[in-house]
Amino acid sequence: MFGTFFEEAEFPVPASKAWALLGTLEIGKVVSGKLLEAVDVVEGDGGVGTILKLTLKPGYGFSSYNEKFTKVDNENMVKEAEVVEGGYLDIGFTLYRIRFEIKKNPNDDTGSSCLVKLTTEYEVKEEAAANASLVTNEPLLGIMSMAKEHLLKSG
């Protein structure tokens, strides 16, 4: 069983500024201790192959998982990460991927705002299909809200 969620929002900052946060390890620093208990770099520098350990706050059904950056495209401002250990993989998922995409706002000729799209894609084994209900867009909304707030505060 395959599923997908996405959220898109306008951010009142240039695309390059949004990418400097969402396309790098910086977003982990922003959500650590707030949305997530902790975000630790297991290996890498933020490029393809970087592995992060995400420790969740209570209530998720599992305490942590590792994700690996599988795509970091600075030119097109696209970053993808997949769970590679623990978390969703322990409860019957064969794929759990998050994608960040940042685009110039086509309705803004000044370049002072951008569109941010966050997508979650997942695949779950048939015998664990009931666990698909654990995937919601709430984490995406939380990341977007915290990223926008951080960007606005940092001017």
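**Close-up views of a predicted model**

**View 1. Here is the stretch that carries a database label.** In UniProt, an unreviewed entry puts the annotation "domain: Bet v I/Major latex protein" on residues 3-140. Keep in mind that the model you're looking at is predicted. If you look at the two ends of residues 3-140, their C-alpha atoms lie 15 Å apart. As for what's in between, the span is 45% strand and 12% helix.

**View 2. Seven strands line up in an open sheet.** Walk across the sheet and you meet the strands in the order S1-S7-S6-S5-S4-S3-S2, with antiparallel pairing. At the edges sit strand S1 (2-11) and strand S2 (38-43), and each of these pairs on one side only. Neighbouring strands in this sheet are turned against each other by 25° on average, direction ignored. What holds paired strands together? In general, strands of a sheet pair through backbone hydrogen bonds, and they can do so in a parallel or an antiparallel way.

**View 3. Now zoom in on strands S6 and S7.** Strand S6 covers residues 93-104 and strand S7 covers residues 114-124; they pair in the antiparallel sense over eleven bridges. For one spot to find on screen, try Arg99, which stands opposite Thr119 in S7.

**View 4. Two helices pack on the sheet.** Helix H1 (residues 15-22) packs on the sheet and touches strand S4 (64-73), strand S5 (78-86), S6 and S7. The direction of H1 makes about 150° with that of S6. Helix H3 (residues 138-153) packs on the sheet too, touching S1, S6 and S7. The direction of H3 makes about 20° with that of S1.

**View 5. Here's a look at the largest cavity.** How many cavities of 30 Å³ or more are there? The count comes to one. The largest cavity has a volume of about 350 Å³, and 23 residues line it. Closest to its centre are Leu36, Leu54, Tyr65, Ile98 and Ile143. Helix H2 (26-31), strand S3 (51-55), S4, S5, S6 and H3 each supply at least two lining residues. By class, the lining of this cavity divides into 19 nonpolar, two polar and two charged residues.

**View 6. Finally, meet the largest pocket.** This pocket has a volume of about 160 Å³. Its lining is made up of Leu35, Tyr60, Phe62, Tyr88, Leu134, Val135, Thr136, Glu138 and Pro139. Sort the lining by class and you get seven nonpolar, one polar and one charged residues.

Note on methods: Residues numbered from 1 in each chain as written. Predicted model: local features only at pLDDT ≥ 70, side-chain atom pairs only at ≥ 80, totals over all residues. Heavy atoms only, no water. Pairing = 2+ DSSP bridges. Helix = DSSP H or I, 4+ residues; strand = E, 2+ residues; numbered from the N terminus. Axes fitted to C-alpha atoms, helices over the stretch in contact; angles between N-to-C directions. Contact = heavy atoms within 4.5 Å. 1 Å grid on protein atoms, 1.4 Å probe; cavity = no way out; pocket = protein on both sides within 12 Å on 5 of 7 lines; lining within 4 Å. Points joined across faces, edges and corners; volume = space filled by probe spheres on them. Nonpolar A, V, L, I, M, F, W, Y, C, P; charged D, E, K, R; others polar. UniProt positions renumbered as here; feature names shortened; annotations may be inferred.
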